[in-house]
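Me: I am in my first year and still learning to read structures like this one. Could you choose one part, look at it closely, and then show me what surrounds it?

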Amino acid sequence: MTTVDPTPTSLPAALAEPTVPVRRGWIALLFAANLGVWMAFFTPIQVLLPQQIGQIAPANKETMLAVVTGLGALAAVLANPLAGALSDRTCLRFGRWEFGRRHIWTLGGAVLGALALVLLARAHTVLGVALGWVAAQVCFNAMLASLTAAVPDRVPVTQRGGVSGWVGIPQVLGLVLGVVLVTVVFTGDGHGYLAVAAAVLLLALPFALRTADDPLPRAHRPALRGLLAGLWVSPRRHPDFGWAWITRFLVQLGNAFGTLYLLYFLTDEVRVADPEGGLLVLILLYTAGLMATTVVAGRLSDRTGKRKVFVIAAGVVMTAAALLLAAAPTWPVAVVAALVLGAGYGVYLSVDAALITQVLPKATDRAKDLGVINIANSAPQVLGPAIAAPIVVYLGGYPVLYATTAAVTLLGSVLVLKIRSVP
């Protein structure tokens, strides 16, 4: 359970453990805001940045794309926990008006991030693209930090699995809708950036403008002096938080192994006639599997009060999907594996997110601590290619890669047993 420092007075609403269930309308607005931010993350990486850099530097587009996305990933790793820490300390008052500590970051991140996308649409050099993408990553990670904190801020523990399931769907749905938006509805990278910028604003602003956001009294604001040092969460003092970070990192690393090279896997190992079309089919099946399980599993976890058994079951399912790809790299097996992998990841996504909110060290640092957890989401996207490439090229190819995926995923899910405070 989330703990707070003892104080002689009652806790303000911003720090108290929520007890009133959130309504469907609130969940829908949070879903939309998350859909906007994940579209902003994935659509440029999958479509717009490769197209743009391919036009600017066609001779070395692979290297330049790696540099730009690597700088963006580094910015994300740094910005998310820092923005979360600043959000935890935000106290805004203008005359008689007092504002909450989260929505200003959601609003500011959406507006400034959309502006960064507009600037990206006008970039004509690799340096301009890199600067624009780093700016976008900083803004959208500030937005993500505040949105992630909304669950422990507003949702009771007994409802967090189901809500986390709804919040998790946009992570995959955002990719699908974003790709459709910029390849079917709007063509060209310039128009695509503008379309994504508009989508972010339309989807995110209603949550920031229409839902409650409790203000933080200045007497309860953490000191700014220890902000940077506070980004470190000691695993000795908070072992459950440390184990939650490790399990998230390993499962996400396995997920990165399993998905990063799917296009090359279909081209070089499965040898399908249309790899790009095949990849789209697998993405859609993966998304369908995830959407079929994530909310259901979250609600079952809420009803039973159990978290760890669902995380382990999800890991076993994802492990089975990876072993299928390792043992029989054929198109029919890939179709089944995509559906199974999505179903397993859907269970993991909702229940592990709920579990993590129950091991946060202090209510005063919710957004910062969740930002630290988000490093376990971002870092595998950087480390994954560096580890997977040598496996594919030198250590046995795709069967060994997917066998490694299975081992890492299973280890990550089983280590959840080390967490003691959550059943």
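Reply: Let us begin with Asp153 and its salt bridges, and then move on to aromatic rings, the nonpolar core and two further arginines.

A few ground rules come before the tour. What you see is a predicted model, in which local features need a pLDDT of at least 70 and side-chain atom pairs count only at pLDDT 80 or more, while totals for chains, interfaces and linings use all residues. Residues are numbered from 1 along each chain as its sequence is written, and side-chain values use heavy atoms, with hydrogens and water left out. The average pLDDT (the predictor's confidence in each residue, from 0 to 100) is 91 for the chain, and 97% of the residues reach at least 70. Residues 1–9 have a pLDDT below 50, and this stretch has 21 contacts in the model beyond near neighbours in sequence. Here a contact means heavy atoms within 4.5 Å.

Now to Asp153. The structure has eleven salt bridges, each being a side-chain nitrogen of Lys or Arg within 4 Å of a carboxyl oxygen of Asp or Glu. In one of them Asp153 meets Arg102, and their closest N and O atoms are 2.6 Å apart. Because Asp153 sits in helix H4 (residues 126–154) and Arg102 in the loop between strand E2 (97–99) and helix H3 (103–121), this pair ties together parts that are 51 residues apart in sequence. Helices (H or I, at least four residues) and strands (E, at least two) are DSSP runs, numbered from the N terminus.

Asp153 also forms a salt bridge with Arg366, where the closest N and O atoms are 2.8 Å apart. Arg366 belongs to helix H13 (residues 366–394) and Asp153 to helix H4, so this bridge joins parts that are 213 residues apart in sequence. Are these partners buried or exposed? Asp153 is buried, with a relative accessible area of 10%, and Arg366 is buried too, at 0%. Arg102 is likewise buried. Buried means under 20% relative accessible area, exposed over 50%, and partly exposed in between (1.4 Å probe, protein chains only). Put together, Asp88, Arg101, Arg102, Asp153 and Arg366 are linked in a network of salt bridges.

Elsewhere, Lys368 and Asp369 join their side chains in a salt bridge, at 2.7 Å from N to O, and both residues are buried.

Next come the aromatic rings. Rings of Phe, Tyr and Trp (its six-membered ring) pair if their centres lie within 6.5 Å; planes under 30 degrees apart count as stacked, over 60 as edge-to-face and the rest as tilted. This rule gives ten aromatic pairs. The rings of Trp26 and Phe207 have centres 5.8 Å apart and planes at 65 degrees, so they make an edge-to-face pair. This pair links distant parts of the chain, with Trp26 in helix H1 and Phe207 in helix H7 (residues 189–210), 181 residues apart. Phe41 and Phe140 are edge-to-face as well, with 6.3 Å from centre to centre and 80 degrees between the planes. Phe41 is in helix H1 and Phe140 in helix H4, so this pair ties together parts that are 99 residues apart in sequence. Both Phe41 and Phe140 are buried, and they form one aromatic cluster with Trp38 and Phe42.

Trp26 and Phe140 come up again in the largest nonpolar core, which has 109 residues; these two have the most contacts inside it. Helix H1 (residues 24–56) gives this core its largest share, 15 residues. Apart from that core lies another, of five residues, among them Ala14, Leu15, Cys91 and Leu216. A nonpolar core is a set of buried Ala, Val, Leu, Ile, Met, Phe, Trp, Tyr and Cys residues joined through side-chain atoms within 4.5 Å.

Two more arginines complete the tour. Arg307 lies in the loop between helix H10 (275–304) and helix H11 (308–327), and it is buried, with a relative accessible area of 3%. Its side chain reaches the backbone oxygen of Val157 at 3.0 Å. Arg248, in helix H8 (residues 239–260), is buried at 8% relative accessible area. Leaving out residues up to four places away in sequence, Arg248 touches several residues, including Tyr348, Asp352 and Asn377.

Definitions and conventions:
Polar contact = N/O pair within 3.5 Å; in protein donor to acceptor, adjacent residues only side chain to side chain.
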